Amino acid sequence: MPELPEVETTVRGLARYLEGERIARVTLNRADLRRPFPPDLVQVMTGARVTAMGRRAKYGLIHTDRDQTMVFHLGMSGRWRIEPEKPEKHDHLVIETGSGHILALNDARRFGSVDLAPTATLDSWGPFAALGPEPLGEGLTAAHLKTHFAGRIAPIKQMLLDQQVVAGLGNIYVCEALFRSAIRPDKEAGRVTLPALEKLVPAIREVLSESIAAGGSTIRDYAQPSGELGYFATSWQVYGREGQPCLCGGTVRRFVQGGRSTFWCPKCQK
Ligand SMILES: [Zn+2]
């Protein structure tokens, strides 16, 4: 599933072809992904100029000069194909730019989505209204986490996956950040100290930034806009490494929390 770093690298990849460009043609090859495409999508986007690209949580943002932003989510298997040599079966939405670039949104499993939202009030748009701060933005601080965690007995890992606490953090990155900051994933959130949270926040940023720099990590269905696969997966320290040695000499363990695998080192994380 594309995570925040993959969405960020996708947005950066698309920006090279879209920013400042006028959209000449939008083609929909079916009526819906997870939900129907907006009925006015083709009309709004055709002829619009892309003023900027952005990202909020795991959503990509294509801002236009029509005060509307096209918001896309890659779901489980979505990816943008840049200048595809030939159409593929699951190219559900295809954009052709004024300079002739072709960009195809391919989503075999169709858990993704495309919406239009008013640019000026994007922060209060439905799916964004309740989101917590961006993990790479200034809003995420140890104090912010301390406030949200106060009195909570839920495990810290579960709390970090709550999009209202931090936006866009996924399972892999939470496991890795908790390892780097030496915090047990099953520790009650309310009992994690401020100094520990002061280590956790930079650890979250590091893990995400390294992954973005590496071009987004790869799990099964994801490909970068260029079509190349990422390779950051090989540098995870605990995720997917059950039974393998930790740097400390201990062994990486796995257990299931909230239906998802948690990987950690019992010697390093207290
Ligand atoms: Zn260890």
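Where is A182 found, with respect to α6 and α7? The legends below take up this residue and several other sites in a predicted model, in which local features need pLDDT of at least 70 and side-chain atom pairs count only at pLDDT 80 or more, while totals for chains, interfaces and linings use all residues. Residues are numbered from 1 along each chain as its sequence is written, and side-chain values use heavy atoms, with hydrogens and water left out.

**View 1. Two residues other than glycine, A182 and R110, have positive phi values.** A182 lies in the loop between α6 (171-180) and α7 (194-213), where helices (H or I, at least four residues) and strands (E, at least two) are DSSP runs numbered from the N terminus. The phi of A182 is near 60 degrees, and its relative accessibility of 35% makes A182 partly exposed, a class that falls between buried (under 20% relative accessible area) and exposed (over 50%), computed with a 1.4 Å probe on protein chains only. R110, with a phi of about 55 degrees, is placed in the loop between β7 (102-106) and β8 (113-118), and R110 is likewise partly exposed, at a relative accessible area of 31%.

**View 2. A zinc ion is held by four cysteine sulfur atoms of the protein.** The donors, meaning N, O and S atoms within 2.8 Å of the metal (3.2 Å for Na, K and Ca), with water not among the atoms so that sites may look incomplete, are the SG atoms of C246, C248, C265 and C268, at 2.2 to 2.3 Å from the zinc ion. The angles that these four donor atoms subtend run from 105 to 115 degrees, and the arrangement is therefore tetrahedral, a term applied to four donors if all angles lie between 85 and 135 degrees. Along the chain the donor residues follow the spacing C-x1-C-x16-C-x2-C. Because C248 sits in the loop between α7 and β9 (253-257) and C268 in the segment after β10 (260-264), this pair ties together parts that are 20 residues apart in sequence. C246 is buried at a relative accessible area of 7%, whereas C248 is partly exposed at 34% and C268 is partly exposed at 25%. The UniProt annotation "domain: FPG-type", from an unreviewed entry, covers residues 237-270; UniProt positions are in the numbering used here, feature names are shortened, and annotations may be inferred rather than shown by experiment. The end C-alpha atoms of that span lie 17 Å apart, and the span is 0% helix and 29% strand.

**View 3. The UniProt feature "active site" (unreviewed entry) is placed at P2, E3, K58 and R260.** E3, in the segment before α1 (4-18), is buried, with a relative accessible area of 4%. Apart from neighbours within four places in sequence, E3 is in contact (heavy atoms within 4.5 Å) with K58, L169, G170, N171 and Y173. R260 belongs to strand β10 and is partly exposed, with a relative accessible area of 35%. If residues up to four places away in sequence are not counted, R260 touches M1, K157, N171 and F255.

**View 4. The largest nonpolar core has 30 residues.** Such a core is a set of buried Ala, Val, Leu, Ile, Met, Phe, Trp, Tyr and Cys residues joined through side-chain atoms within 4.5 Å, and the members with the most contacts inside this one are L145, F149, I156, L160, L197, L200 and I204. At least two residues of this core come from each of α4 (142-149), α5 (156-161), α6 and α7, and α7 supplies the largest share, nine residues. L197, leaving aside neighbours within four places in sequence, is in contact with A142, L145, K146, F149, I156 and V192. A second, separate core of 26 residues includes L18, V26, V44 and I62.

**View 5. C175 is a buried cysteine that takes part in no disulfide.** With a disulfide taken as a pair of cysteine sulfur atoms within 2.5 Å, the count comes to zero. The cysteine sulfur nearest to that of C175 belongs to C265, 13 Å away, and C175 has a relative accessible area of 2%.

**View 6. S113 is found in strand β8.** S113 is buried, at 4% relative accessibility, and, not counting residues up to four places away in sequence, S113 touches L33, R35, V71, F72 and H73.

Technical notes
Four donors count as tetrahedral if all angles lie between 85 and 135 degrees; four count as square planar and six as octahedral if opposite donors are over 155 degrees apart and all others between 65 and 115; anything else is irregular.
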